[in-house]
Amino acid sequence: MPSRHCLVTGANRGLGLEFVRQLLARGDRVVATCRHPGKAAALNALTGEHPGRLHVLPLDVTDPKAHAELARELDLLDEDGARARLDLLVNNAGVLHSGERFGRVGAANLEDSFRTNAMGPFLLTQALADRLGDDARVANLSSELGSIAGVGRFGTPSYNISKAALNMATALLAKALAERSIVVMALHPGWAQTDMGGDNANVPVVDAVAGLLRVIDELSHERSGSFLDWQGRSLPW
Ligand code: NDP
């Protein structure tokens with residue numbers, strides 16, 4: 001497969017960092033974004049190992065001005081001849097506020113979760129839409145906890161609500177970008193062994209990302225807007 005141009009948000013740790021590693025390993029060019037590039041030691045180490053193929057740029061996904069700034073930075077990279085159109089946008093950055101109890105769920109958690117998990121991916125995709133090549137793919141890291149049909153216990157409402165909103169954003173983006181053959185999907189990575197996944201998580205990060213990349217590559221245009229897990233199984237909305 002020819003080298004692709006990819007952008008990953010929240011790329012300094014967890015699944016985002018592993019996306020960057022695996023995309024570089026298969027020969028792709030990657031723009032890796034994170035809130036604090038100066039502190040992203042693992043990511044910055046990768047730039048030395050893959051000269052010219054990895055660019056680390058700042059991005060807080062909750063800040064629409066930062067989306068516009070990122071788009072401008074991508075144009076500068078274009079002028080260098082280092083960057084062409086984006087083939088893959090991975091909206092990975094996410095936040096989970098644990099320990100919420102009914103009666104004490106606060107506006108701050110709901111607002112932060114919505115801004116990070118739903119608004120961020122939607123607005124960033126919109127801001128970068130012109131830079132997505134025809135046939136590009138947009139992967140939104142959702143969660144089975146965003147499934148309304150799958151609601152189990154009260155859980156972490158700010159997270160569940162925001163991921164359900166992300167699922168709607170995914171379906172709408174799929175419609176908006178269909179005429180350019182851009183495939184958009186909401187993906188559940190499994191219970192992955194990251195800071196967010198915690199001590200009991202059972203899916204190694206390497207396996208989660210390898211599975212997700214397979215799903216991203218293989219999803220047909222007809223199935224754009226799907227909600228799938230890391231093994232390609234459909235999840236109920
Ligand atoms: P981690 O908590 O390990 O990492 C989260 C990443 O998101 C960090 O890089 C963090 O950056 C970044 N981030 C958070 N807020 C922002 C923001 N406002 N702007 C930019 N970056 C931000 O999570 P995972 O790697 O486990 O999760 C990745 C995605 O997968 C998330 O969307 C998550 O909801 C989803 N997911 C994960 C599951 C799991 O079991 N791990 C299960 C289901 C879904 P910083 O270091 O600056 O905080």
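Alanine 149 is found in the loop between strand 5 and helix 5. The structure discussed here is a predicted model. This report starts from that loop, proceeds to the sheet, and ends with the ligand.

## The loop between strand 5 and helix 5

Alanine 149 has 7 other C-beta atoms within 10 Å, and because a residue with 12 or fewer such neighbours is classed as exposed, alanine 149 is exposed. Its contacts beyond the neighbours within four places in sequence are Pro236 and Trp237. Alanine 149 and proline 236 are 87 residues apart in sequence, yet their C-alpha atoms are 6.0 Å apart in space.

Leucine 145 is also found in the loop between strand 5 and helix 5. It has 19 C-beta neighbours inside 10 Å and therefore counts as partly exposed, since 20 or more would be needed for a buried residue. Leaving out residues up to four places away in sequence, leucine 145 touches Gly155, Thr156, Tyr159, Asn160 and Lys163. The C-alpha atoms of leucine 145 and histidine 188 are separated by 8.9 Å, although the two residues are 43 residues apart along the chain.

## The sheet

Strands of a sheet pair through backbone hydrogen bonds, and the pairing may be parallel or antiparallel. In this model, seven strands form an open sheet in the order 3-2-1-4-5-6-7, and the pairing is parallel. Strand 3 (54–58) and strand 7 (227–229) stand at the edges; each has a single partner strand, so one side of each is left without a neighbour in the sheet. From one strand to the next, the twist averages 20°.

The table lists four of the strand pairs, with the number of bridges that join each pair and one example of residues standing opposite each other.

| Strand pair | Bridges | Example of opposite residues |
|---|---|---|
| Strand 1 and strand 2 | four bridges | histidine 5 and arginine 29 |
| Strand 1 and strand 4 | three bridges | valine 8 and valine 90 |
| Strand 5 and strand 6 | five bridges | alanine 139 and methionine 185 |
| Strand 6 and strand 7 | three bridges | alanine 186 and phenylalanine 227 |

Histidine 188 likewise stands opposite a residue of strand 7, namely aspartate 229.

## Strand 6 and its surroundings

Strand 6 (residues 183–188) is mostly covered, with six of its six residues buried. Both faces are covered: Val183, Met185 and Leu187 lie on one side, Val184, Ala186 and His188 lie on the other, and all are buried. The chain reaches strand 6 from strand 5 through helix 5 (residues 157–177), and this β-α-β crossover is right-handed.

After strand 6, the next unit has another handedness label: strand 6, helix 6 and strand 7 make a left-handed β-α-β unit. Helix 6 (residues 205–218) packs on the sheet, where it touches strand 4 (86–91), strand 5 (132–141), strand 6 and strand 7. The direction of helix 6 makes about 140° with that of strand 5.

## Strand 1 and its surroundings

Strand 1 (residues 5–8) also has both faces covered, with His5 and Leu7 buried on one side and Cys6 and Val8 buried on the other. Together with helix 1 and strand 2, strand 1 makes a right-handed β-α-β unit.

## Two residues with positive phi

Aspartate 135 is found in strand 5. Its phi is near 85°, a positive value in a residue other than glycine. Aspartate 135 is exposed, with 12 other C-beta atoms within 10 Å.

Serine 181 lies in the loop between helix 5 and strand 6. Its phi is near 60°, which is again a positive value in a residue other than glycine. Serine 181 is exposed because 12 other C-beta atoms lie within 10 Å, and a residue with 12 or fewer falls into that class.

## The surroundings of the ligand

Which residues come nearest to the ligand? Of the 30 residues around it, these are Gly10, Gly14, Ala93, Gly94 and Thr194. By class, the shell around the ligand has 12 nonpolar, 14 polar and four charged residues. Helix 1 (residues 14–25) gives the most to this shell, with three residues. Helix 1 is also the helix of the right-handed unit that includes strand 1 and strand 2.

How values were computed: Residues are numbered from 1 along each chain as its sequence is written. This is a predicted model: local features need pLDDT of at least 70, side-chain atom pairs count only at pLDDT 80 or more; totals for chains, interfaces and linings use all residues. A residue is near a molecule or strand if its C-beta atom, placed from the backbone, lies within 6 Å of it. Ala, Val, Leu, Ile, Met, Phe, Trp, Tyr, Cys and Pro count as nonpolar, Asp, Glu, Lys and Arg as charged, and the others, Gly among them, as polar. Two strands pair if DSSP finds at least two bridges between them. Axes are lines fitted to C-alpha atoms, for helices over the stretch in contact, and angles run from 0 to 180 degrees between N-to-C directions. Two residues are in contact if their C-beta atoms, placed from the backbone, lie within 7 Å. A crossover is right-handed if, with the strands pointing away from the viewer, the path from the first strand over the helix to the second runs clockwise.
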